[in-house]
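Hello,

Here is the structure I promised to hand over. Please open it first, then read my notes below.

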2 protein chains.
Amino acid sequence: MVTNCTHCPLRKLDIFESLTADSISFLQRFKSGELKVDAGTPLLMEGSNSPQLFTALKGMGVRYKLLPNGRRQVVNFVLPGDFVGLQAGVMGEMKHSVEATTPMVLCVFDRSELWTLFKTQPERAFDLTWAAAMEEHFLGEALTSIGQMSAMERIAWGLVRFHGRCENLGLIDGTKCPFPYRQQDLADALGLSLVHTNKTLMKLRDRQILSINDGILQIMDIEEAKTVALLPIDLPGRRPLI
Amino acid sequence: MVTNCTHCPLRKLDIFESLTADSISFLQRFKSGELKVDAGTPLLMEGSNSPQLFTALKGMGVRYKLLPNGRRQVVNFVLPGDFVGLQAGVMGEMKHSVEATTPMVLCVFDRSELWTLFKTQPERAFDLTWAAAMEEHFLGEALTSIGQMSAMERIAWGLVRFHGRCENLGLIDGTKCPFPYRQQDLADALGLSLVHTNKTLMKLRDRQILSINDGILQIMDIEEAKTVALLPIDLPGRRPLI
DNA sequence: CGAATAGTTGAAAACAATCAAACCCCGTGG
DNA sequence: CCACGGGGTTTGATTGTTTTCAACTATTCG
């Protein structure tokens, strides 16, 4: 049973721009199906030339790169509304891998139709460029965070940001939001060792700023957390959904 | 005296895809002028909504972000052929600053014409998306480098990559290429302190792998340098030029 | 119960940042 | 001609953060 784009639950959220009926019907034709995967399923592999592109509908995942020496860099977390596979779409192959962290549901698009989109739907083409530029922006911030901030600052930054993204998606309950990742994932995202990540999280918990427990991230003192994060968290107020 | 797109010296390089006469004439109309700037001139400021977009023709620059605490992250080096200002074009404001490191010459485009490009030149729109995805790819690699590699590995990675970009642009003379940046710029790019960057460069020089002198980067032992860099350097073989 | 996974903790070692000063090159002006 | 100053580079000593290593706990699952 495939979700109809017209009744897409994501598109109802304030954060996503609304589209004309015509545009939605194009996307509906662009959409070739829906994919349900279990937690832990690899979606795209670095170097692969996937014939399929995705938009995450439900669940969460990770983008990551593996190094020859076995280390791993988590490039970003994948949340509902995120477009996945754009690199394969425009550059011919993925430059990082993507895997589901929780069970996920994704819209599937046909890569071969991407060119049709550029030719006939310039607004959608623009949206895709926007998405790529947004990802570029985020990676620039992450680079700045990892390159210039201390462990505590990085962790506060990463978690405040994640919390903000959840808020935009209506996933917040009071001060809490889901955080289905392991400490190792957070460490790999922020360029820290697992041990040091753990100890720093303890400090943040002791200082009553934030805590992670049972897959739930709670930010008790959001103001203090933002102060520790140093960088202002810059999330788009309204954005396209493809 | 403005360079005519038809005779653009950059486009003659093998690395850049060739275009039909029609496409070039569109770009010629898109191009609103040329900008010559001295070394040190700021081109775009973070947060600014520039009415102008650029393609670097000659010279080199830096993209960087400043932190509230005064630290600086160099996000990337700007070389000839690089498109500058895409974020302002699609997101309304720049997320980093750009400044000329050497004297530069840049093609100037009118931001207001960007939408015309998307509507009437889907191939060019695709190229822009490609450029954004490429930048995303690079930032992912940089993140991996800074997050997971030691100082020596990072420096080798950064300089081998820079050397490779120069090679693609025909800026190589034997084992040497221009490197007009200060050690502080390199340090800010790789998330290292100036002192540690300096000491690590000394070690690489002592080991006869590479050296920087008088604005010239020489890689004496490219194989060894690539080995130290850990990550394979992935540069596009052929790419669009806008 | 045993095995596997994730989280927690302490001690030691390694790495990189900071501090402070010297050095070098080069252009300026007395 | 040489003293002076500025920007960038180099160096040594010290401090401090982060990693690594190793072990132990808690929880889940077959």
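**One arginine, then the wider picture**

B:Arg72 sits in strand β5 of chain B, which covers residues 72-78. Keep in mind that this is a predicted model.

Is B:Arg72 buried or exposed? Its relative accessibility is 16%. The cut-off for buried is under 20%, so B:Arg72 counts as buried. Its side chain makes a polar contact of 2.5 Å with the side chain of B:Asp185. Leaving out residues up to four places away in sequence, B:Arg72 also touches residues that include B:Tyr64, B:Leu66, B:Arg182 and B:Asp188. One of its contacts lies in the other chain: A:Gln148.

**Between the chains**

A:Gln148 turns up again here. Chain A and chain B bury about 4300 Å² between them. Carbon and sulfur atoms carry 70% of that area. Each side brings 48 residues to the contact: 48 from chain A and 48 from chain B. On the chain A side, A:Glu136, A:Leu143 and A:Gln148 supply 18% of the area buried against chain B. No other three residues supply more.

**Inside chain A**

Chain A splits into domain 1 (5-121) and domain 2 (144-229). Their C-alpha centres are 25 Å apart. The contact involves 17 residues of domain 1 of chain A and 15 residues of domain 2 of chain A. Together the two domains bury about 1400 Å², with 64% of it on carbon and sulfur atoms. Which three residues of domain 1 of chain A supply the most of its area buried against domain 2 of chain A? They are A:Met60, A:Arg72 and A:Phe77, with 41%.

**DNA strand C**

There are 15 residues around DNA strand C. The closest are A:Arg182, A:Gln183, A:Asn198, A:Met202 and B:Ala151. Of the strand's atoms within 4 Å of the protein, 68% belong to sugar and phosphate.

Three side chains have a polar atom beside a phosphate oxygen of DNA strand C:

- A:Gln183, at 2.8 Å
- B:Ser193, at 3.0 Å
- A:Arg205, at 3.4 Å

Helix α7 (194-206) of chain A and α7 (194-206) of chain B each supply at least two residues of the surface near this strand. α7(A) gives the most, with 5 residues. By class, this surface has 5 nonpolar, 6 polar and 4 charged residues.

**DNA strand D**

DNA strand D also has 15 residues around it. A:Ser193, B:Arg182, B:Gln183, B:Asn198 and B:Met202 come nearest. Sugar or phosphate makes up 69% of the strand's atoms within 4 Å of the protein, and bases make up the rest.

A polar backbone atom of A:Ser193 is 3.0 Å from a phosphate oxygen of DNA strand D. The side chain of A:His196 has an N or O atom 3.1 Å from a phosphate oxygen of the strand. Where does the side chain of B:Lys199 meet DNA strand D? An N or O atom of that side chain is 3.2 Å from a base nitrogen.

Helix α7 of chain A and α7 of chain B each supply at least two residues of the surface near DNA strand D. Here α7(B) gives the most, with 5 residues. The surface near DNA strand D has 5 nonpolar, 6 polar and 4 charged residues.

Best wishes

Conventions
Residues are numbered from 1 along each chain as its sequence is written. Chains are lettered from A and ligands numbered from 1 in the order in which they are written. This is a predicted model: local features need pLDDT of at least 70, side-chain atom pairs count only at pLDDT 80 or more; totals for chains, interfaces and linings use all residues. Side-chain values use heavy atoms; hydrogens and water are left out. A residue is near a molecule or strand if one of its heavy atoms lies within 4 Å of it. A polar contact is a pair of N or O atoms within 3.5 Å; within protein, one must be able to donate a hydrogen and the other to accept it, and residues adjacent in sequence count only if both atoms are side-chain atoms. Helices (H or I, at least four residues) and strands (E, at least two) are DSSP runs, numbered from the N terminus. Ala, Val, Leu, Ile, Met, Phe, Trp, Tyr, Cys and Pro count as nonpolar, Asp, Glu, Lys and Arg as charged, and the others, Gly among them, as polar. Buried means under 20% relative accessible area, exposed over 50%, partly exposed in between (1.4 Å probe, protein chains only). Contact means heavy atoms within 4.5 Å. Domain bounds come from an automatic or database domain assignment. Buried area is the accessible area (1.4 Å probe) that two parts lose on being put together, summed over both.
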